[in-house]
Amino acid sequence: MATRLAGILILLVVFVGVAFAAAFLVFYRGNYAGPPNGEMEYVPPGVASAADGTQWTPSVGERAGGLVLVDTLHSNGFSSREILTLRTRVVAQGYDLELLGNFARSSEPDRRAQFAERLREADSLVVITPLISYSAGEVDLIEDFVRKGGKLVLVSDPGRRDQMNTLAQRFGVQFRPDYLFNQVENNQNYQNIFVRDFRPDELTAGLDTVVLYTAGSITSSGPGLAVADAGTESVVAENNGDLYVMARAADRNVVAISDFTFMIPPHDSTLDNDRLLSNIIDFATTSDRVFDLADFPHFYRTGPDDGVQILLGRPDLLGSGAKLKNGLEEYGISANIQGTEDVSRDTVFLGLHDDALQVRQYLQAAGVRVDDMVGMPFGLELDPAGTAVTVLDREGGRHVLILLADTPAVLDRAVGRLLSGGFRSELVSEVTGVSTSAGASK
């Protein structure tokens, strides 16, 4: 009797175990697999990690020595350790990578002020899993940045439930509140899906197979770039069309991808994940950014072979020239006062209204006239007395800044406002500004 009872108990335990295992296999979707504990090993650029054994090598952006910002102002759901590969690759491209906000908690006005300041210098902005919504004012600043040629990379992740759509929707992109799974073919877990269907694009060049670990789907007013494999399903979306995991917005400078885990070590070295990350970094570090006058002085480069020449309309403006030189060097921009113009270099010209003839071609291009009156764009006419005019010329692959004033004292004050940023309240167009104590007349 005892032997029979023991046999029944054993069969009952086996039955419960089998039932639990079956339920686990049917319903389990996997949890987010974070990076391993401990310090990440530095991986130098150029190591062979793609599935086909090819090496990643840095490409050179059109604007060497640029800046990639990574937003951390919105309680973003990632750690600096998780973007180690991203950081090292960006630096290998000759760009700087800055954590905007450095994960500190900030009020909305403070966040907006930091965006306004740092986007003036940046070439690209990377946004990863923001947990705080973006305000309309913040989105306006980012939209203006993109309008001027700035690149925007949006990285969402359904495993981190972010507020990305408060930013993405302005660009016609929607991250669905889902995650994708595939019970037919996967990388050891239903949630680890394969992506093999790529549309021709610089971001998909050289890709054969990518593994995404917590992917969601995206809709966009722009073209989809990567489609999840056949057999992939969404937990919320009807499968009546392609499930895009990466897309461009209608503005090609905006790219969205609904998975963050593929770029986290060690997942970044799986199959073609390395190449996908490299393509995204190439996108972010190839700049066609256009700088306005409001972006001063960030349109001037800071490298050892770069620099700004300061030209003076007359010798008695040397004090203002020295003040500008010292101010630029506080930004890391080398500057030298010269007597003749080198038309291959970035330039600042400081002069009085009587010196306008020396820079007439730059003034005319901006729609500015300086004679017995100061003529500005849109038909505005100003009394020259007490007036300072600022013009930025962006033609010919260089930036020429013209600053003219009524007297040396007015010019010196205008240089001070230029360096302090106070000139931004005096802008009348993207490339012109004016300050006056005499008022305007028609």
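**A chat about the sheet, helix 4 and asparagine 76**

Modeller: In this predicted model, nine strands make up an open sheet with mixed pairing, running in the order 2-1-3-4-13-12-10-7-8.

Biologist: Which strands stand at the edges of that sheet?

Modeller: Look for strands with a single partner strand, because one side of each is then left without a neighbour in the sheet. The order 2-1-3-4-13-12-10-7-8 begins and ends with them. They are strand 2 (96–100) and strand 8 (210–212).

Biologist: By how much are neighbouring strands turned against each other on average?

Modeller: This ignores direction, and it is an average for the neighbouring strands of this sheet. The value is 20°.

Biologist: What is the bridge partner of valine 227 in strand 12?

Modeller: Start with the pairing: strand 10 (residues 224–228) and strand 12 (residues 244–248) run antiparallel to each other, over three bridges. In strand 12, the residue bridged to valine 227 is tyrosine 244.

Biologist: And helix 6, what angle does its direction make with that of strand 4?

Modeller: Helix 6 (residues 273–284) packs on the sheet and touches several strands, including strand 1, strand 8 and strand 13. Strand 4 is also one of those touched, and the angle between the two directions is about 145°.

Biologist: Let's move to helix 4. How wide an arc do its buried residues cover around the axis?

Modeller: The buried ones are Glu138, Val139, Ile142, Phe145 and Val146. In an α-helix, residues three or four places apart point the same way, because there are 3.6 residues a turn. Here the buried residues sit on the same side of helix 4, because their arc is only 115°.

Biologist: Which helices and strands do those buried residues pack against?

Modeller: Helix 4 spans residues 136–147 and reaches 16 Å from first C-alpha to last. Its buried residues pack against two helices and three strands by name: helix 3 (108–118), helix 5 (165–168), strand 3 (124–128), strand 4 (151–155) and strand 13 (254–257).

Biologist: Is asparagine 76 buried or exposed?

Modeller: Asparagine 76 lies in the loop between strand 1 (67–71) and helix 2 (84–92). Beyond its neighbours within four places in sequence, it contacts Asp71, Phe103, Ile128, Thr129, Pro130 and Leu131. Buried means under 20% relative accessible area. Since its relative accessibility is 6%, asparagine 76 counts as buried.

Biologist: Which backbone nitrogen lies 3.0 Å from a polar atom of its side chain?

Modeller: A polar atom of the asparagine 76 side chain lies 3.5 Å from the backbone nitrogen of leucine 73. For the 3.0 Å distance, the backbone nitrogen belongs to histidine 74.

Methods. Residues are numbered from 1 along each chain as its sequence is written. This is a predicted model: local features need pLDDT of at least 70, side-chain atom pairs count only at pLDDT 80 or more; totals for chains, interfaces and linings use all residues. Side-chain values use heavy atoms; hydrogens and water are left out. Helices (H or I, at least four residues) and strands (E, at least two) are DSSP runs, numbered from the N terminus. Buried means under 20% relative accessible area, exposed over 50%, partly exposed in between (1.4 Å probe, protein chains only). A polar contact is a pair of N or O atoms within 3.5 Å; within protein, one must be able to donate a hydrogen and the other to accept it, and residues adjacent in sequence count only if both atoms are side-chain atoms. Contact means heavy atoms within 4.5 Å. The expected span of a helix is 1.5 Å times one less than its number of residues. The arc is that of the directions from the helix axis to the C-beta atoms. Two strands pair if DSSP finds at least two bridges between them. Axes are lines fitted to C-alpha atoms, for helices over the stretch in contact, and angles run from 0 to 180 degrees between N-to-C directions.
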